[in-house]
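Please open the structure in a viewer and keep the selection panel at hand. The tour proceeds by selections, each followed by a description of what is found there.

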Amino acid sequence: MPTAGALSNRNLIMNGAMQVAQRGTQSTSITTSNYYVVDRYEFGIGSLGTWTIDQSTDAPDDFSKSLKHTCTTAVATPAAGSIALITHNIEAQNLQHLNFGTSNAKPLVLSFWVKSNKAGDASIGLMQPDASNRLFSTSYNISAADTWEYKTIQIPADTGGTIDDNSNKGLRIDWYLNSGSTFSGGSYQTWGVINNANRNVSNLGVGGAVNDYLQITGVQLEVGSKATPFEHESYGQTLAKCQRYFYSAYNAAVDGTADASLCTGLYYNTNRFFGVVHFPTTMRIAPTLTASSGANGEFAIFRNATSNSLSTLTAGDESLNSAEVQATSSQNAVGTKNWPGFLRAVGNTSYVFFEAEL
């Protein structure tokens, strides 16, 4: 049996260099949890101020991008149940080689670069959703404000919590920015049933004042007890991995074009147009469509030397590999049965997203 680790594909994290941002490079006025800006990184927030998230060009040597969270409306004293954190979720079937839940379970090491205006101890945690959210939590120290620092976290093997072999969440990594006492009143724990009080024990308190920030890049999670140099990969490789969870068929703000053809289609009858968008890779689950909506028309159907302007789109019969994009008479899709046409995004605010995030 070989004893050395993999020379490639070591990193269980996707987009650890923060290169891919299909949704855009900045999102402002954030008060609710969701995926924003940099692909595969979710912002969790509950009653803890207002934030701006950036794909920043401020980064340490060997990197060109970072993920930055900046507080724009502060909460000096968070309520007990308040929280703000950055989360990265990993698909369970990609983690079967960890052997968690058996005597052959393997240890992990997490490494990353971090920068903040606040110095002190900060908390980080891993959870196993398949095993009743078993928790491992610990601290890392930011020794100097406004300075990029490299951190490594040793994560012991978990012989007690099994990760299911499916397309759901297998592991969740949390970088805590701030929280109330519900999440910070306990002590750090090593793989056991989750106790919320043990999650953010060393509360760094980012968000207690306006312009507080925290940014990370170079995130790597790998089997073993010693961190190896960051495994850089091409932008195309990273994008293809991210598109399993989120596919931007068109985003004017990122693509930099005012108009773009989305797909060809056909009038099923006089008031319903169908087109098919094929995804570049198999998605995790059948995705949901989110499309821009505007009174002046975000999309248009071109057919028989004329066109119909549409305010928005809907989708149907989504699969792992494709989805129908539909428009009806209520969206101004009026034509002639069996006429072909093509669907175009129009203007500099339109977007079409397909989401299958964990």
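**A strand covered on both faces**

Begin with strand β6, where both faces are covered: I83, L85, T87, N89 and E91 on one side are buried, as are A84, I86, H88 and I90 on the other. The model is a predicted one, and every selection below should be read in that light. The strand spans residues 83–91, and 9 of its 9 residues are buried. In a regular strand, side chains alternate between the two faces of the sheet.

Next, add the strands that pair with β6. Strand β3, residues 41–46, pairs with β6 in the antiparallel sense over 6 bridges. To inspect one position of this pairing, select F43, whose bridge partner in β6 is I86. Then display strand β11, residues 169–179, which runs antiparallel to β6 and is joined to it by 9 bridges. Here I90 stands opposite L171 of β11.

**The six-stranded sheet**

Now select β1, β4, β5, β12, β7 and β10. These make up an open sheet of 6 strands in the order β1-β4-β5-β12-β7-β10, and the pairing is antiparallel. Which strands stand at the edges? They are β1 (26–30) and β10 (149–155), each with a single partner strand, so one side of each has no neighbour in the sheet. On average, neighbouring strands of this sheet are turned by 20° against each other, direction ignored.

Within this sheet, focus on β5, residues 66–73. Strand β4, residues 50–56, runs antiparallel to β5 and is joined to it by 7 bridges. Two positions can be picked out in this pairing: the bridge partner of T52 in β5 is T70, and that of T50 is T73. On turning to strand β12, residues 213–223, one finds 4 bridges to β5, again with the strands antiparallel. In this pairing H69 stands opposite L214 of β12.

**The nonpolar cores**

L214 also leads to the next selection. The largest nonpolar core has 48 residues, and L110, F112, Y140, W175, L214 and I216 are those that touch the most other members. Centre the view on F112 and show its contacts beyond four places in sequence: I124, Y140, E149, Y150, K151, I153, W175, I216, T217, G218 and V219. Apart from this core lies another, of 26 residues, which includes I301, A323, L343 and V352.

**A buried serine in a loop**

Select S350, in the loop between β21 (340–346) and β22 (351–355). Is this serine, S350, buried or exposed? S350 has a relative accessible area of 0%, so it is buried. Neighbours within four places in sequence aside, S350 is in contact with Y250, N251, A252, S292, E298, F299 and A345.

**Aromatic pairs**

Now colour the aromatic residues, among which the count comes to 15 pairs. Display Y247 and F354 as the opening example: the ring centres are 6.4 Å apart and the planes are at 15°, so the pair is stacked. Y247 belongs to strand β13 (residues 246–251) and F354 to strand β22, so the pair ties together parts that are 107 residues apart in sequence. Both Y247 and F354 are buried.

Move on to Y268 and F274, an edge-to-face pair with 5.7 Å from centre to centre and 75° between the planes. Y268 has a relative accessibility of 53% and therefore counts as exposed, whereas F274, with a relative accessible area of 21%, is partly exposed. To end this part, select F100, F136 and W191, which form one aromatic cluster.

**Cysteines**

For the last stop, select C71 and C242. How many disulfides does a search of the whole structure find? The search finds 0 disulfides. C71 is buried, with a relative accessible area of 0%. C242 is likewise buried, with a relative accessible area of 0%.

Terms used: Residues are numbered from 1 along each chain as its sequence is written. This is a predicted model: local features need pLDDT of at least 70, side-chain atom pairs count only at pLDDT 80 or more; totals for chains, interfaces and linings use all residues. Side-chain values use heavy atoms; hydrogens and water are left out. A nonpolar core is a set of buried Ala, Val, Leu, Ile, Met, Phe, Trp, Tyr and Cys residues joined through side-chain atoms within 4.5 Å. Buried means under 20% relative accessible area, exposed over 50%, partly exposed in between (1.4 Å probe, protein chains only). Contact means heavy atoms within 4.5 Å. Two strands pair if DSSP finds at least two bridges between them. Axes are lines fitted to C-alpha atoms, for helices over the stretch in contact, and angles run from 0 to 180 degrees between N-to-C directions. A disulfide is a pair of cysteine sulfur atoms within 2.5 Å. Rings of Phe, Tyr and Trp (its six-membered ring) pair if their centres lie within 6.5 Å; planes under 30 degrees apart count as stacked, over 60 as edge-to-face and the rest as tilted.
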